[in-house]
Amino acid sequence: MKDLFMKRFEYYKSLGDKSFEQLSDEQIFWQYNEESNSIAVIVHHLAGNMLSRWTNFLTEDGEKSWRHRDEEFVNTFKTKDEVLAFWERGWKCFFDALGQINDENFYDTIYIRGEGHSVIDAVFRQLAHYPYHIGQIVYIAKMIKNEDWNTLSIARNKSQEFNTEMKNKFLKNPDYGNV
C-alpha cells in the first residue's frame, strides 16, 4: 500500500514539476487578481502544510505551533528558485514520512488539530488536498502559457492514439504500471 501511495503522490508532484519547467520567474508570481493566489503562494501553502503535517507525524499533532497557516497565503519568495526549494523541502518531508509507514503503524491514531485520524486516513486526506492545489498550479500555468503550453496529459483530440499506445504497453508488459 505504501508503494501505491508513493507512486500516486510522485505522479502529482511531477505535474507540478512539469508546470514549473514551463514558467519564467515572473510567471510563478502572476496573480489573476488580488483575491487570487499566485503559484508561489499555492506552493507556500502546500509545502507549509506538508512540513507541519508530516514532521514527527507519529508523535506530534500535525498542526504545529510554529506553523502560521494564514501567512502561507502571503508571498514571501523573491525568486522562482526559492519557490522550488520550498516545494522540494515540503515533498522531502512528506516522502520521508511516507517511508516510515509500515504494517504496524498503518492504523495507528495520529492527530491533526487535535482530531484523531488513522495513519491511512491522514494519507487519504492529503491525497485529496495536494492534487487539489496541484490542479490549481497546472490550471494557472496553462492560462499563463496559453498556446505555448505543453500538455501534461492526453493532448486534445489524441485520446484514441493514447488509448492504443497504452493498450500496446500493457500487452507487451502486463506488469506495466503495477506497484
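**Exercise 1. Salt bridges across the chain**

The structure holds seven salt bridges, and the model in which they are found is a predicted one. Determine which parts of the chain are linked by the salt bridge between Glu88 and Lys13, and state whether each of the two residues is buried or exposed.

*Solution.* Start with the contact itself: the side chains of Glu88 and Lys13 meet in a salt bridge, with N to O at 3.0 Å. The pair links distant parts of the chain, since Glu88 belongs to helix 4 and Lys13 to helix 1, with their positions 75 residues apart in the sequence. Then turn to accessibility, where Glu88 has a relative value of 38% and therefore counts as partly exposed. Lys13, by contrast, has a relative accessible area of 11% and is therefore buried, the cut-off for that class being under 20%.

**Exercise 2. A pair and its network**

Describe the salt bridge between Glu63 and Arg53, and name the network of salt bridges in which Arg53 and Glu63 are linked.

*Solution.* The side chains of Glu63 and Arg53 meet at 2.6 Å, N to O. This pair also links distant parts of the chain, with Glu63 in the loop between helix 3 and helix 4 and Arg53 in helix 3, 10 residues apart. Glu63 has a relative accessible area of 23%, so it is partly exposed, whereas Arg53, at 5% relative accessibility, counts as buried. The last step is to look beyond the pair: Arg53, Glu63, Arg67, Glu72 and Arg113 are linked in a network of salt bridges.

**Exercise 3. A salt bridge within one helix**

Explain why Asp96 and Lys92 are separated by about one helical turn, and classify the accessibility of Asp96 and of Lys92.

*Solution.* The closest N and O atoms of Asp96 and Lys92 are 2.7 Å apart, and the two residues form a salt bridge. Because Asp96 and Lys92 are four residues apart in helix 4, about one helical turn separates them. For the accessibility, Asp96 has a relative accessible area of 40% and is therefore partly exposed, while Lys92 reaches 53% and is therefore exposed.

**Exercise 4. The second largest pocket**

Which residues line the second largest pocket, and which helices each supply at least two residues of that lining?

*Solution.* The space in the second largest pocket comes to about 200 Å³. Its lining consists of Tyr11, Leu15, Val138, Lys142, Trp149, Thr151, Leu152, Ser153, Ile154, Ala155 and Arg156. Sorting these lining residues by class gives seven nonpolar, two polar and two charged. Helix 1 (2-21) and helix 5 (119-145) each contribute at least two residues to the lining.

**Exercise 5. Positive phi outside glycine**

Locate Asn56 and Asn146 in the chain, and state how accessible each of them is.

*Solution.* As background, most residues other than glycine have a negative phi. Asn56 is not a glycine, and yet it has a positive phi of about 50°; it lies in the loop between helix 3 (39-54) and helix 4 (80-98). With a relative accessibility of 43%, Asn56 counts as partly exposed. Asn146, which is not a glycine either, likewise has a positive phi of about 50°, and its place is the loop between helix 5 and helix 6 (159-172). The relative accessibility of Asn146 is 53%, so this residue counts as exposed, the cut-off being over 50%.

**Exercise 6. A nonpolar surface patch**

Which residues form a nonpolar patch on the surface, and where does Tyr32 lie?

*Solution.* The patch is formed by Trp30, Tyr32, Tyr139 and Met143, which together have about 480 Å² of accessible area. Within this group, Tyr32 lies in the loop between helix 2 (25-28) and helix 3. Tyr32 is exposed because its relative accessible area is 61%.

**Exercise 7. Separation in sequence and in space**

For the pairs Tyr12 with Met50 and Asp81 with Ile39, give the separation along the chain and the separation between C-alpha atoms.

*Solution.* Tyr12 lies in helix 1 and counts as partly exposed at 25% relative accessibility. Tyr12 and Met50 are 38 residues apart along the chain, and 14 Å separates their C-alpha atoms. Asp81 lies in helix 4 and is exposed, with a relative accessible area of 60%. From Asp81 to Ile39 the separation is 42 residues in sequence and 13 Å in space, C-alpha to C-alpha.

Conventions. Residues are numbered from 1 along each chain as its sequence is written. This is a predicted model: local features need pLDDT of at least 70, side-chain atom pairs count only at pLDDT 80 or more; totals for chains, interfaces and linings use all residues. Side-chain values use heavy atoms; hydrogens and water are left out. On a 1 Å grid over the protein atoms alone, a cavity is a set of points where a 1.4 Å probe fits but cannot get out, and a pocket is an open set with protein on both sides within 12 Å along at least five of seven lines; lining residues have an atom within 4 Å of a point. Grid points are joined across faces, edges and corners, and a volume is the space filled by probe spheres set on the points. Ala, Val, Leu, Ile, Met, Phe, Trp, Tyr, Cys and Pro count as nonpolar, Asp, Glu, Lys and Arg as charged, and the others, Gly among them, as polar. Buried means under 20% relative accessible area, exposed over 50%, partly exposed in between (1.4 Å probe, protein chains only). Patches are made of residues with over 30% relative accessible area and no salt bridge: like charges are joined within 9 Å, nonpolar side chains (Val, Leu, Ile, Met, Phe, Trp, Tyr) within 5 Å. Accessible areas come from the Shrake-Rupley method with a 1.4 Å probe; for residues, only the protein chains shown count as cover. A salt bridge is a side-chain nitrogen of Lys or Arg within 4 Å of a carboxyl oxygen of Asp or Glu.
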